[in-house]
Amino acid sequence: AAERQRYGNTVSEFNSQEQGQRKTYDTSTVTNQQNYDSNFMDSIRAGIKGIGGLISLLRGTGAAGGTAEDMARDTVGGVTANDIRTGADTQKENQTQLDSSLSSFLTELERKRRANEDTLVNNERAVRRDSNTQLQDLFGKMAGYYGSAEMEPQRVEWMNRAGALTPE
């Protein structure tokens, strides 16, 4: 009973750890996506503002229209696209790290769960072995007492009881 209680307590602790880790993973994943979304929108706004500023500048110099505007759009568009790509790469890298961290944690937790199972089985076997050893000793003594009293059927019965414990 004590071994089962210890095992149950350990399983509960493992479950609690797993829930905490999954909650952290979920929260971090949401935060990572929110950061990406925010950076994405910042890049878009900066691009819009940048192209607007360049077009205004070009108009102010009289160079607006045609090739100059196209070059300005291409330049700002390239910078904006690069910012968006960088943000997406960062989001993906962060998510990969979060996934890897959770996977490593769950793999290690599974190893601990198996070790806990093994410990329970080994400890229960040890308790049963020790108990059976003591019972065999007791049954052997009882057989000896009946043998001393020349009560052969009872002696054989107690010897059989002792022998029946051997396979366990």
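**Reading a three-helix chain**

Modeller: Let's open with one residue: E150 counts as exposed, because its relative accessibility is 73%, and the cut-off for exposed is over 50%. Keep in mind that this is a predicted model.

Biologist: Fine. Where does E150 lie?

Modeller: E150 lies in the loop that links α2 (66–148) to α3 (152–164).

Biologist: And its backbone: what is the phi of E150?

Modeller: General idea before the case. Most residues other than glycine have a negative phi. Here, E150 has a phi near 55°, a positive value in a residue that isn't glycine.

Biologist: Let's go into α3, then. Is P153 buried or exposed?

Modeller: P153, which lies in helix α3, counts as exposed because its relative accessibility is 62%. For a sense of distance, take P153 and V11: they are 142 residues apart in sequence, and their C-alpha atoms are 49 Å apart in space.

Biologist: Before I lean on any of this, how should I read the confidence?

Modeller: As a general rule, where pLDDT is low, the predicted coordinates should not be read in detail. In this case the protein chain has an average pLDDT of 90, and 96% of the residues score at least 70. Confidence is highest in α3, at a mean of 95, and lowest in helix α1 (residues 2–61), at 90.

Biologist: How many helices and strands are there in the protein chain?

Modeller: You'll find 3 helices and 0 strands, so the spread of the chain is worth a look next: with a radius of gyration of 38 Å, well over the 15 Å that the globule rule gives for 168 residues, the protein chain is more spread out than a compact globule. Its C-alpha atoms fill a box of roughly 130 × 20 × 15 Å along the principal axes.

Biologist: What share of the 168 residues is buried?

Modeller: Buried residues make up 17% of them, with the cut-off for buried set at under 20% relative accessible area. As for the surface, the protein chain exposes about 11,500 Å², and 53% of that comes from carbon and sulfur atoms.

Biologist: Now contacts. Taking pairs at least 6 apart in sequence, what share joins residues at least 24 apart?

Modeller: That share is 73% in the protein chain.

Biologist: Last one, charge. How many positive and negative side chains are there, and how far apart do the centres of the two sets lie?

Modeller: The protein chain has 24 negative side chains and 20 positive ones, and the centres of the two sets lie 1 Å apart.

Methods: Residues are numbered from 1 along each chain as its sequence is written. This is a predicted model: local features need pLDDT of at least 70, side-chain atom pairs count only at pLDDT 80 or more; totals for chains, interfaces and linings use all residues. Side-chain values use heavy atoms; hydrogens and water are left out. Helices (H or I, at least four residues) and strands (E, at least two) are DSSP runs, numbered from the N terminus. Buried means under 20% relative accessible area, exposed over 50%, partly exposed in between (1.4 Å probe, protein chains only). pLDDT is the predictor's confidence in each residue, from 0 to 100. The radius of gyration is taken over C-alpha atoms; the globule rule is 2.2 Å times the number of residues to the power 0.38. Contact means heavy atoms within 4.5 Å. Accessible areas come from the Shrake-Rupley method with a 1.4 Å probe; for residues, only the protein chains shown count as cover. Lys and Arg count as positive and Asp and Glu as negative; His and the chain ends are not counted. The place of a charge is taken as NZ of Lys, CZ of Arg, CG of Asp or CD of Glu.
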